[in-house]
Amino acid sequence: MNIADEFARAALYCPEKTALIFGDASYTYAAMHRTVEKTAAYLASLGVSRGDRVSIYMANRPEWIFFYYAVARLGAIAVCVPGAFKRDEAAGVVNDSESSVLVTSEEVKSQVPPPEKIPSVRETVVVESCAAFESILRGGDSFDARTGIETSGDDVAAILYTGGTTGIPKGAMLTHRNLLYSAQNVAYHERLVPADIGLNFLPLNHVFAQCHIMHAYFAGCATLVLFPGFDMDRVVSAVTRHGVTRFYAVPTVFIRIMNNPESKKRLRSLSYVFSGGTSMPAEIVRRWTETFGIPIHEAYGMTESASIVTFNHLFRHKIGSIGMPAGIIELRCVDSNDNTLKPGEQGEIAIRGPNIMKGYFRQPEETAAAFRNGWFHSGDVGVFDEEGYLYIVDRIKDVVITGGENVYPKEVEDLLHRHRAVNECGVVGLPHPEFGEAVTAFVQLKPGMQADEAALIAFCKERVARYKVPKSIRFLEELPKTPQGKILRRELR
């Protein structure tokens, strides 16, 4: 069982079908499979073997994908270093994983730590200037295609670092079984077929792009249009040029598209859109559905679950919900003593299934804290309705305790999104001498629209309990976010 088998199967089923489009270049499944196999042989010539860690540090590009699957083919482990990381951040991940090889590109080469800062690395490969790899791309025969090394489903295939909004990054170890099950689960629930053409500009080092999009598309023999990052004009043009049928983004991008009337005219080929990375305000989904006639689909997942945990069905979609457990994944909401709660009762979301990670790399205490009584504890607060649909309330660590009352920031953020002038917002608790913490909102207004603090506070007072109303509202030109578009509440604090 190996995640790289996706290409072997796709090359057998649809050898001449286009698998990947990047700029003016395109690759068939057969060509990609040959490149992956020969790249694996090249890595083996560098001494990479089963269990070794290989850091991939670059922005989205075809070479990222070739090396990722080649590493898996050898039974080695791909360490996914965010291309947005700077030198010290990259060194932290490379050193924590004790990677023996680092694969990078000219674009980020200046940020590659010097050898003395990453002592475990014995070889650095820069894809544009590596003669051996260039020969592989040209179809050279310097390296014979490998049959690969036998791996089990429980072998680790990739380490993705998590903790961007909560603190110190931890390396989530995802196995071949985790990745294969998640890919098939996404493809099934989204009804993905080979005729589909999807577009991805989200970073491949992140679970959303890597597991929910990349793996699912290659497992489904579909076509993926890849971008190095988000550029409104180029992305919208690509939808028209390639006849893209499926679009994946984070809430920020959907908001920007709705604020751009011209872009709406050029997205008519879309039949399915999906939002991930962070919770989507229900009001945005309603506005999008009214404008485009198709809903924004959502699911629930995280790095530790190899993406998908729940899915909001195609055939019975509930706006505001993140859906029901996907496939054979088990889900429950529990109290502080791990007792299962009834529908309508809020509690921590606990998960069990073949998609859940093996653990955090060399962090047994963190792993033990996350796994209790055989269930992975997510740190998210959720609630089921009577029909079994799950709703996200918020992160446990983000709850604001003001005057003894618990306030979940997401509820206040969703409310503020209903105001016509609010483009984006983030809510946190700040120290307060009387209340302990004060509910505080940071707001970015829509272009050309105005609203002051008093107006927004009055808007909230009419709609929620007084203790949930922000004590103050601060206006920002831009909210701090992760590369995946998730608002960084710790930065707001």
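Which residue of β25 is the bridge partner of Cys425? In this predicted model, the partner is Val443. The pair belongs to a longer run of contacts, for β24 and β25 (residues 436-445) are joined by ten bridges in the antiparallel sense.

These two strands are part of an open sheet of three strands, arranged in the order β24-β25-β26 with mixed pairing. The edges are formed by β24 (422-432) and β26, each of which pairs on one side only. On average, neighbouring strands of the sheet are turned by 25 degrees against each other, direction ignored.

Two helices pack on this sheet, and it is worth looking at them in turn. Helix α13 touches β24 and β25, and its direction makes about 145 degrees with that of β24. Helix α14 (residues 453-461) touches β24, β25 and β26, with its direction at about 130 degrees to that of β26. Helix α13, which spans residues 409-416, is mostly covered, as six of its eight residues are buried. The buried set consists of Pro409, Lys410, Val412, Glu413, Leu415 and Leu416, and thus includes the charged residues Lys410 and Glu413.

Following the chain beyond β26 (472-475), one comes to the loop that leads to α15 (489-492), where Thr482 is found. Thr482 has a relative accessible area of 13%, and because this is under the 20% cut-off, the residue counts as buried. The C-alpha atom of Thr482 is separated by 9.7 Å from that of Gly277, although the two residues are 205 residues apart along the chain.

A further antiparallel pairing involves strand β16 (residues 330-334). Four of the five residues of β16 are buried, so the strand is largely enclosed by the rest of the structure. Five bridges join β16 to β17 (residues 347-352), and here Cys333 has Ile349 of β17 as its bridge partner.

Helix packing can also be followed at α1 (residues 5-13) and α3 (residues 62-73). Their axes lie 9 Å apart and meet at an angle of about 110 degrees. This angle falls within the range of 65 to 115 degrees, and the two helices are therefore roughly perpendicular to each other. On the α1 side, the contact is made by Asp5, Glu6, Phe7 and Ala8, while α3 contributes Ile65, Tyr69 and Arg73. By residue class, the contact of α1 with α3 divides into four nonpolar and three charged residues, with no polar ones.

Notes
Residues numbered from 1 in each chain as written. Predicted model: local features only at pLDDT ≥ 70, side-chain atom pairs only at ≥ 80, totals over all residues. Heavy atoms only, no water. Buried < 20%, exposed > 50% of the residue type's maximum accessible area, 1.4 Å probe, protein only. Pairing = 2+ DSSP bridges. Axes fitted to C-alpha atoms, helices over the stretch in contact; angles between N-to-C directions. Contact = heavy atoms within 4.5 Å. Parallel < 35°, antiparallel > 145°, perpendicular 65-115°, else oblique.
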